Amino acid sequence: MTSDREVEPIRVLVCDDHAVFRRGLAMVLEPEPDIVVVGEAGDGHEAIEQACESAPDVVLLDVRMPGMNGIAAARRLAVEVPSARVVMLTVSDTEEHLYDALKAGAVGYLLKELSIEEVADAVRAVAAGQSLVTPSMASKLLTEFTVLANRVDGGRLPGSLPRLTAREGQVLGGITRSLSNREIAAELMISENTVKNHVGNILEKLQLHSRHEVALYAVRQQIADLDG
């Protein structure tokens, strides 16, 4: 007997602030018999509104958009439309936004230079429960996790947070939620320079070298939802 999932088309929402690219993605997907484009959005706010209305299975989100960017939109979608599987699209293969995207709940991180066939295949893959990361980015991600794992296994990191003050704990919570120093400063009502000092202290105490490593460490230690 054929299941409902096999006969129902995959519902896709396309979000990109460049109208030509957005329409191009939709045009590539629309002819596919097992995929239906349920909407197009030009920014993060519009993506959330449309996702709440259309309940897509997959949301293709541009990383960089004015107003609410893709990372912030992914965090909101994880709460408001948890059934939607988010795939981030980017023009660059640097790791600048990769870790933030994954922490925000994205299950895919792909370059916009995908071929026509790859776009539809990516949608099918994530709808089926797979996670996709552009190969060059997957290598960087694996390297980052390996370095951090070696530090933990080698005893360079303690199993629990060492000597963090209450304020440092609050700043750490902001880092794990992908907030910038400016956003953390506004939330805690302190100066951005003070936040920078706290971040430096956290890195020193945890023997880490970047915000990415701090966030990965927090996830490993199951404190990623720390909010102070």
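In this predicted model, helix α2 (residues 19-29) and helix α6 (residues 116-127) cross at roughly 75°, and their axes come within 9 Å. That angle makes α2 roughly perpendicular to α6. On the α2 side the contact uses L25, V28 and L29, and on the α6 side I116, V119, A120 and V123. Sorted by class, the contact of α2 with α6 has seven nonpolar residues, no polar ones and no charged ones.

**The chain as a whole**

- Eleven helices and six strands make up the secondary structure of the protein chain.
- Of the 228 residues in the protein chain, 44% are buried.
- If you take the contacts between residues at least 6 apart in sequence, 67% of them join residues at least 24 apart.

**The nonpolar cores**

- The largest nonpolar core has 25 residues, and V59, L61, L77, V86 and M88 are the ones with the most contacts inside it.
- Six elements each supply at least two residues of this core: the strands β1 (10-15), β3 (58-62) and β4 (85-90), and the helices α3 (44-54), α4 (70-80) and α5 (98-103).
- Helix α4 gives the largest share of this core, with five residues.
- L61 is a handy residue to click on: setting aside residues up to four places away in sequence, L61 touches C15, A47, G70, A73, A74, L77, V86, V87, M88 and L89.
- There is also a second, separate core of 20 residues, and V87, L89, L110 and A122 are among them.

**Helix α3 against helix α4**

- The axes of α3 and α4 are 9 Å apart, and the two helices pack at an angle of about 20°.
- Angles under 35 degrees count as roughly parallel, so α3 and α4 are roughly parallel to each other.
- The crossing of α3 and α4 is right-handed.
- From α3, the residues G44, I48, A51 and C52 meet A73, R76, L77 and E80 of α4.
- By class, the contact of α3 with α4 splits into five nonpolar residues, one polar and two charged.
- L77 turns up twice here, once among the residues with the most contacts inside the largest core and once in the contact of α4 with α3.

**Helix α8 against helix α10**

- Helix α8 (residues 166-176) and α10 cross at roughly 90°, with axes that come within 9 Å.
- The two helices, α8 and α10, are therefore roughly perpendicular to each other.
- In α8, the residues R167, E168, V171, L172 and I175 meet V195, H198, V199, N201, I202 and K205 in α10.
- The class count for the contact of α8 with α10 is six nonpolar, two polar and three charged residues.

**D43 and N181**

- D43 sits in the loop between β2 (35-41) and α3.
- With a relative accessible area of 24%, D43 is partly exposed.
- Not counting neighbours within four places in sequence, D43 is in contact with C15, M65, P66 and M68.
- D43 and G70 are 27 residues apart along the chain, but their C-alpha atoms are separated by 7.9 Å.
- N181 belongs to helix α9 (residues 181-188).
- N181 counts as buried, at 16% relative accessibility.
- Once neighbours within four places in sequence are left out, N181 is in contact with E192, V195, K196, V199 and R211.
- V195 and V199 touch N181, and V195 and V199 of α10 also meet α8.

**Positive phi outside glycine**

- Most residues other than glycine have a negative phi.
- A55, which is not a glycine, has a positive phi near 50°.
- A55 is placed in the loop between α3 and β3, and at 40% relative accessibility A55 counts as partly exposed.
- M189 is another residue other than glycine with a positive phi, here near 60°.
- M189 is found in the loop between α9 and α10 (192-206), and M189 is exposed, with a relative accessible area of 75%.

Conventions. Residues are numbered from 1 along each chain as its sequence is written. This is a predicted model: local features need pLDDT of at least 70, side-chain atom pairs count only at pLDDT 80 or more; totals for chains, interfaces and linings use all residues. Side-chain values use heavy atoms; hydrogens and water are left out. A nonpolar core is a set of buried Ala, Val, Leu, Ile, Met, Phe, Trp, Tyr and Cys residues joined through side-chain atoms within 4.5 Å. Buried means under 20% relative accessible area, exposed over 50%, partly exposed in between (1.4 Å probe, protein chains only). Helices (H or I, at least four residues) and strands (E, at least two) are DSSP runs, numbered from the N terminus. Contact means heavy atoms within 4.5 Å. Axes are lines fitted to C-alpha atoms, for helices over the stretch in contact, and angles run from 0 to 180 degrees between N-to-C directions. Angles under 35 degrees count as roughly parallel, over 145 as roughly antiparallel, 65 to 115 as roughly perpendicular and the rest as oblique. A crossing is left-handed if the near helix is turned anticlockwise from the far one by less than a right angle, and right-handed if clockwise. Ala, Val, Leu, Ile, Met, Phe, Trp, Tyr, Cys and Pro count as nonpolar, Asp, Glu, Lys and Arg as charged, and the others, Gly among them, as polar.
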